[in-house]
Amino acid sequence: MASGRRRLTRRLLLSGAASAAGVLALAVAACGGASAAPESGVAPHAETKTEVSAKAAKPAVVSTLMVLRGQRQTWVNAWHSIFAGFEAAHPAYKLEVIGATLDRVPSRALTTMAAGFTFDAIYGNEGWLGLFVDAGIIQSLNPFLSRDADVSLDDFYEFGLLKHKGTPYSVAWQLTGRPFWFNTDKFAEAGLKTPAALEAEGNWTWEAVLDAAARLTKRDGDDITFGGLQIHPMFTSHLPSYAWAWGADLWNEDCTQAGFNTPEFADAAQYCVDLFARHRVIGGNFLAGTQGMVERATGGLRRFEERITARGLFAIGMAPRPRGPDGERATAMTASGVFIGERANNAEGAWDFIKYTVSAAALPEIAAMGQGRFTASKRLEPLTLFPYENAAYYKQMARDGRPVPQLLRQDEFTTAWRATWGAMVEGSLTVVAGLAKTQEQVQGWLDAGGCLR
């Protein structure tokens, strides 16, 4: 190979080697002592024209590192259908798929690269993007976009692109937005308008959320026997949706100034803390029928079907994100995609695989996994599977969608915010003090490294 790069063989990849030396030793063993072709490029005399023709017709391998282990069978089955569909649509390629658990993908990609081998396509998400770019594991999509007449960046929502410092590295096959789901039976029992009815009137607001949650919540002494609501402001991937609804932001567009010290952010955070600590409406379990409303990603619909619909527990309703005090309700969208290896042997095959995962052909399998309601492509309609889903709400949320702001040191922010949130809810930190602490921390991370996008 003139480039000096070597492809992973199936035997090597399945070995799960933990070090570069171990990988290299296995690679030598995998070769089985086969001799290399002469440097002159002249074919051995025993090779016939028929044999040359057969080799030319052999599909080109696209080595792919994917999350398959440790997942539900629905996920595994759907991806195998996607693999088969891709190969049927692109007979010139043959996927060589290596399965890993989600937590093992970064280390597998790193150790493989250290050993001098490469994957063509690598499963990824925003949380790994900075690491993968800095380590030289993946490459930009710009060269592929510039020469592919069938694809343009304008075809995709901004939240559907995984970017690092303005450069796109993948298009998201999975986009996670969080609608509201509610127990229609409990709303009827309480004589309340449902979130969907309030949305139709233009009155589905965070104030309406609190009102409904307070009236739905039931207690036995200090114990909540039926919870009105569940939201997740303790997670940094959810936090922007609440801030945006109040007109606040985590930091400015240039990623130079943190925004936690604004009155708008304080109002949003105080509202969320009060739901937990003052109004005490957070509790119950939606899947068990002991909770009135929950914000949840569509990946949870499989569990809705198993735990609620199959048991006839209650009728499920759906609503989009509520509006904030000034009518804002932007939706935070987290993305997962497939990257192209920096030293890929078959980068074009990897690019074609990425395009297939975000195409209409793959959408039914994506929907089976609970995704496909939000698509990276502006050309695709949401694919719904259950009668309580409202495609118009998905489209509205997509119009309001924004990529989740990510620091290059996002893991540190995530850990610190969880601790600060817990202290604010328990009362050992006021919201003002908690946000002042967060402002200082985030400003330091911005100064040190900035944002992912």
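Where is the place of R280? In this predicted model, R280 sits in the loop between α12 and β12.

## Two residues with positive phi

R280 has a positive phi of about 50 degrees, although it is not a glycine. Its relative accessible area is 28%, so R280 counts as partly exposed.

C255 is another such case. Its phi is positive, at about 60 degrees, and C255 is not a glycine. This residue lies in the loop between α11 (239-245) and α12 (263-277). C255 has a relative accessible area of 17%, which is under the 20% cut-off, so it is buried. As background, most residues other than glycine have a negative phi.

## A three-stranded open sheet

Strand β12 follows the loop that holds R280. It belongs to an open sheet of three strands. The order is β12-β9-β13, and the pairing is antiparallel. β12 (293-295) and β13 (316-319) stand at the edges. Each has a single partner strand, so one side of each is left without a neighbour in the sheet. From one strand to the next, the twist averages 25 degrees.

Strand β9 covers residues 180-183. Three bridges join β9 to β12. One bridge can be placed by residue: F182 is partnered by M293 in β12. In general, strands of a sheet pair through backbone hydrogen bonds.

## Strands β2 and β3

Here the pairing is parallel: eight bridges join β2 to β3. A60 has Y93 of β3 as its bridge partner. Strand β3 spans residues 93-100. Seven of its eight residues are buried, so β3 is largely enclosed by the rest of the structure.

## Helices α4 and α14

Helix α4 takes in residues 73-89, 17 residues in total. At 1.5 Å a residue, α4 should span 24 Å. Its end C-alpha atoms are 24 Å apart, so the two values agree. The buried residues of α4 are W75, V76, A78, W79, I82, F83, G85 and F86. An α-helix has 3.6 residues a turn, so residues three or four places apart point the same way.

Helix α14 (residues 347-357) is mostly covered. Nine of its eleven residues are buried. Among them are W351, F353, I354 and Y356. D352 is also buried, and it takes part in a salt-bridge network with D148 and K355.

## Salt bridges

How many salt bridges does a search of the whole structure find? The search finds 18. Side chains of opposite charge can pair when their charged atoms come close.

R72 and E306 meet in one of these bridges, at 3.6 Å from N to O. The pair links distant parts of the chain, 234 residues apart. R72 is in the loop between β2 (60-67) and α4, while E306 is in helix α13 (residues 301-309). R72 has 40% relative accessibility and counts as partly exposed. E306, at 42%, also counts as partly exposed.

R379 and D155 form another bridge, with their closest N and O atoms 3.1 Å apart. R379 lies in the loop between α15 (363-368) and α16 (391-399). D155 lies in the loop between α7 (142-147) and β7 (161-164). The pair therefore ties together parts that are 224 residues apart in sequence. The two ends contrast in burial: R379 is exposed at 62% relative accessibility, whereas D155 is buried at 14%.

E87 pairs with K94, and their closest N and O atoms are 3.7 Å apart. E87 is partly exposed, with a relative accessible area of 21%. K94 is partly exposed at 42% relative accessibility.

## The largest pocket

About 860 Å³ of space lies in the largest pocket. It is lined by 33 residues. Which of them are the closest to its centre? They are N125, Q174, T176, R178 and T334.

Several elements give two or more residues to the lining. The strands are β5 (121-125), β8 (167-176) and β14 (331-341). The helices are α6 (126-134), α13 and α17 (410-426). Helix α13 also holds E306, the salt-bridge partner of R72.

Terms used. Residues numbered from 1 in each chain as written. Predicted model: local features only at pLDDT ≥ 70, side-chain atom pairs only at ≥ 80, totals over all residues. Heavy atoms only, no water. Pairing = 2+ DSSP bridges. Helix = DSSP H or I, 4+ residues; strand = E, 2+ residues; numbered from the N terminus. Axes fitted to C-alpha atoms, helices over the stretch in contact; angles between N-to-C directions. Expected span 1.5 Å × (residues − 1). Buried < 20%, exposed > 50% of the residue type's maximum accessible area, 1.4 Å probe, protein only. Salt bridge = Lys/Arg side-chain N within 4 Å of Asp/Glu carboxyl O. 1 Å grid on protein atoms, 1.4 Å probe; cavity = no way out; pocket = protein on both sides within 12 Å on 5 of 7 lines; lining within 4 Å. Points joined across faces, edges and corners; volume = space filled by probe spheres on them.
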